[in-house]
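Here are some exercises for getting to know a new structure, each with a worked solution. Have a look at the model first, then take the tasks in order.

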Amino acid sequence: MNLIYKRAAVEDLELLTKTRIEVLKAANKLPGDIDMREVQKHACDYYRKALCDGTHIAYFVWDENRFAGCGGVSFFQVMPTYRNPSGKKAYIMNMYTAPAYRRRGIAYKTLEMLVRDAKRRGITAISLEATAMGRPLYEKYGFRNMKDEMELPEQDPL
């Protein structure tokens, strides 16, 4: 196995968007034939802008010419707090390893690269949303459950 970790560029827009849709389907246990056109359009728009302005970094993992995995990190700004005086934050997302490549350290190395990129930017507030499958990896890396965060669920439009 000869793995290559490649940072994504705007030229990879189609593949980034495709993998995002596949990750969302897998993480949310969605049927393969579900209509994801709207999400796909917005994901493509997001990547086009964020890769150019530096608010997102993504990596692909290749075994020769076979896709083995991916991961990304979004950077954003919130108001400064006591624990995060800069207000800079990073959100790890779109972590995925193809089934044939699981349990070989690919996700861990991808995660390490993303965290390193965030820390190079001076960001110490790094978070993610974990699936049951991914939770052991993130715990091994040192991520902990957040106890004080809440979310307002989506509501039906009026």
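Helices (H or I, at least four residues) and strands (E, at least two) are DSSP runs, numbered from the N terminus. This is a predicted model, in which local features need pLDDT of at least 70 and side-chain atom pairs count only at pLDDT 80 or more, while totals for chains, interfaces and linings use all residues. Residues are numbered from 1 along each chain as its sequence is written, and side-chain values use heavy atoms, with hydrogens and water left out.

**Exercise 1. The sheet**

Work out the order of the five strands in the open sheet, and find the edge strands.

*Solution.* Start with the pairing rule: two strands pair if DSSP finds at least two bridges between them. In general, strands of a sheet pair through backbone hydrogen bonds, either parallel or antiparallel.

- Step 1. The order of the open sheet is 1-2-3-4-5, and its pairing is mixed.
- Step 2. Strand 1 (3-7) and strand 5 (125-128) are the edges, each pairing on one side only.
- Step 3. On average, neighbouring strands of this sheet are turned by 20° against each other, direction ignored. Axes here are lines fitted to C-alpha atoms, for helices over the stretch in contact, and angles run from 0 to 180 degrees between N-to-C directions.
- Step 4. Five bridges pair strand 1 with strand 2 in the antiparallel sense, and R7 stands opposite Y59 in strand 2.
- Step 5. Strand 2 and strand 3 are antiparallel too, joined by eight bridges; here Y59 stands opposite G71.
- Step 6. Strand 3 (residues 66-77) runs antiparallel to strand 4 (residues 88-97), with eight bridges between them. In this pair, F75 faces A90 of strand 4.

**Exercise 2. Strand 2 and the helices over the sheet**

Decide whether the residues of strand 2 are buried or exposed, then find which strands helix 1 lies across.

*Solution.* Buried means under 20% relative accessible area, exposed over 50%, and partly exposed in between (1.4 Å probe, protein chains only).

- Step 1. Strand 2 is largely enclosed by the rest of the structure, because eight of its eight residues are buried.
- Step 2. In a regular strand the side chains alternate between the two faces of the sheet. In strand 2, H56, A58, F60 and W62 point one way, while I57, Y59, V61 and D63 point the other way.
- Step 3. Helix 1 (residues 13-27) lies across strand 2 (56-63), strand 3 and strand 4, at about 80° to strand 4.
- Step 4. Helix 2 (residues 37-53) also packs on the sheet, touching strand 2, strand 3 and strand 4, and its direction makes about 105° with that of strand 2. Contact means heavy atoms within 4.5 Å.

**Exercise 3. T19, N94 and the cavity**

Find the residues that T19 is in contact with, leaving aside its neighbours within four places in sequence. Then list what lines the largest cavity.

*Solution.*

- Step 1. T19 sits in helix 1 and is buried, with a relative accessible area of 7%.
- Step 2. Beyond its neighbours within four places in sequence, T19 is in contact with F60, F67, C70 and N94.
- Step 3. N94 belongs to strand 4 and counts as buried, at 8% relative accessibility.
- Step 4. Most residues other than glycine have a negative phi, and most peptide bonds are trans. N94, though not a glycine, has a positive phi of about 60°.
- Step 5. On a 1 Å grid over the protein atoms alone, a cavity is a set of points where a 1.4 Å probe fits but cannot get out, and a pocket is an open set with protein on both sides within 12 Å along at least five of seven lines; lining residues have an atom within 4 Å of a point. Grid points are joined across faces, edges and corners, and a volume is the space filled by probe spheres set on the points.
- Step 6. The largest cavity holds about 30 Å³ of space. Its lining is made of L16, T19, Y47, A58, Y59, F60, C70, G71, G72 and N94.

**Exercise 4. The second largest pocket**

Which element gives the largest share of the lining of the second largest pocket?

*Solution.*

- Step 1. The volume of the second largest pocket is about 1,100 Å³.
- Step 2. Among its 33 lining residues, M95, T131, M133, G134 and Y138 lie nearest its centre.
- Step 3. Helix 1, strand 4, helix 3 and helix 4 each give two or more residues to this lining.
- Step 4. The largest share, seven residues, comes from strand 4.
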